[in-house]
Amino acid sequence: MYVQEITLQISPDLDMDLMLDEFNWLMSNFHKNGQVANGGHTQLIVGQKIVSMPFTPEKDSLDAKNHNSHVVKQIERLETLCQSKLQIRTIGTDGTHAEVCNCASSSSHLLGAFCFSRDSAVICGDCRLLIPLYRLPKTEDDSYLSIINWQLSTMVLDGFETINLKNNGVPNISKSHLNAVDKLGFEVCERLEKLTGVKTRLLQTLGNAKLPSFKNGNRKKPGEELFM
Ligand SMILES: [Zn+2]
């Protein structure tokens with residue numbers, strides 16, 4: 001993953017707390033559009049500037065070509081309020097150097113999430129690499145809210161399951177919660193399949209299967225049974 005630095009100069013006459021809220025709304029819109037990864041979008045006040053350092057799947061994830069209408073609208077609002085331009089630059093990587101799918105077209109997609117992963121929830125069934133969400137048709141309201149919602153819910157519940165393996169003191173997850181997350185996952189797959197015309201399968205991580213991991217900069221290929 002790449003680490004970006006987003007900076008906005010705040011004029012002294014503006015209320016900093018209100019501007020932090022406005023800036024946070026931009027980061028939320030970036031997230032719901034798949035342009036920044038889960039977590040890690042810190043927000044600092046440096047002098048008269050607001051600075052965020054989010055993780056992104058690609059070096060150019062924050063380019064205007066990937067913006068949706070919500071991102072465009074909020075950037076315009078911030079720049080009008082501040083009378084200054086939003087500055088974005090790449091400052092490094094998080095060390096995983098995760099590759100993304102570059103297939104001209106994919107014959108299948110996989111929807112998967114794991115408690116410690118910040119990656120996109122959609123994986124190419126051919127090269128087994130991540131597909132940044134903004135490359136896919138929007139699932140609702142010019143965003144990917146249902147995918148993000150499913151992913152974050154799965155990450156939390158998967159984390160509970162992982163902790164439970166070692167610590168019996170942690171309460172078990174209600175079966176109804178797991179069923180609700182699975183139901184949402186199947187609905188998201190169905191929606192994606194309809195929008196892309198590409199077969200989309202759900203990788204149920206809870207309790208057993210794990211997402212492929214990284215080694216020496218390359219994603220290990222998961223077992224074939226995950227794609228059957
Ligand atoms: Zn691919």
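Which residue in β3 is the bridge partner of I45? Keep that in mind as you open this predicted model; we will reach the pair shortly.

**The whole chain**

Start with everything shown as a cartoon. The protein has 228 residues, of which 31% count as buried. Its secondary structure comes to 4 helices and 10 strands. If you trace the elements from the N terminus, they run β-α-β-β-β-α-β-β-β-α-α-β-β-β. Now switch on contacts between residues at least 6 apart in sequence: 68% of them join residues at least 24 apart.

**β3 and its two partners**

Next, select residues 49-52, which make up strand β3. Colour its two faces separately: I50 and S52 sit on the covered face, while K49 and V51 are on the uncovered one.

Add residues 44-46, strand β2, which pairs with β3 in the antiparallel sense over 3 bridges. Here is the answer to the opening question: the bridge partner of I45 is I50, a residue of the covered face of β3. The hairpin of β2 and β3 has 2 residues between the strands, and in this hairpin G47 takes a positive phi near 60°.

Then add residues 2-9, strand β1, which also pairs with β3 in the antiparallel sense, over 4 bridges. Show Q9 as sticks and you will find K49 of β3 standing opposite; K49 belongs to the uncovered face.

**Helix α1**

Move on to residues 16-32. This is helix α1, with 17 residues and a reach of 24 Å from its first C-alpha to its last, close to the 24 Å expected at 1.5 Å a residue. Which residues of α1 are buried? Select F23, L26, N29, F30, H31 and K32 to see them. After the helix comes G34, whose phi is positive, near 75°.

**A sheet of three strands**

Now for the open sheet whose strand order is β7-β6-β8, with mixed pairing. Its edge strands are β7 (122-124) and β8 (199-202), each pairing on one side only. Turn the view along the sheet: neighbouring strands are turned by 30° against each other on average, direction ignored.

Select residues 108-111 for β6, which pairs with β7 in the antiparallel sense over 3 bridges. Within these two strands, L110 stands opposite I123 in β7. Then bring in residues 175-196, helix α4, which packs on the sheet and touches β6 and β8. The direction of α4 makes about 170° with that of β8.

**The core between the domains**

For the last stop, turn on side chains for L8, L111, V122, I123, I147 and V188. These have the most contacts inside the largest nonpolar core, a set of 38 residues. The elements that give two or more residues to this core are β1, α1, α2 (69-82), β6, β7, α3 (145-166) and α4. Among them, α3 gives the most, with 5 residues.

Why does this core lie between domain 1 and domain 2? Colour residues 2-93 as domain 1 and 108-227 as domain 2: both give residues to the core, so it lies between them. As a general backdrop, nonpolar side chains tend to be buried together in soluble globular proteins.

Finish by centring on V188. Leaving aside residues up to four places away in sequence, V188 touches L111, S146, I147 and W150. Two of these neighbours, L111 and I147, are themselves listed with V188 among the core residues with the most contacts.

Methods. Residues numbered from 1 in each chain as written. Predicted model: local features only at pLDDT ≥ 70, side-chain atom pairs only at ≥ 80, totals over all residues. Expected span 1.5 Å × (residues − 1). Buried ≥ 20, exposed ≤ 12 C-beta atoms within 10 Å, placed from the backbone. Pairing = 2+ DSSP bridges. Contact = placed C-beta atoms within 7 Å. Axes fitted to C-alpha atoms, helices over the stretch in contact; angles between N-to-C directions. Core = buried A, V, L, I, M, F, W, Y, C linked by C-beta atoms within 7 Å. Domains from an automatic or database assignment.
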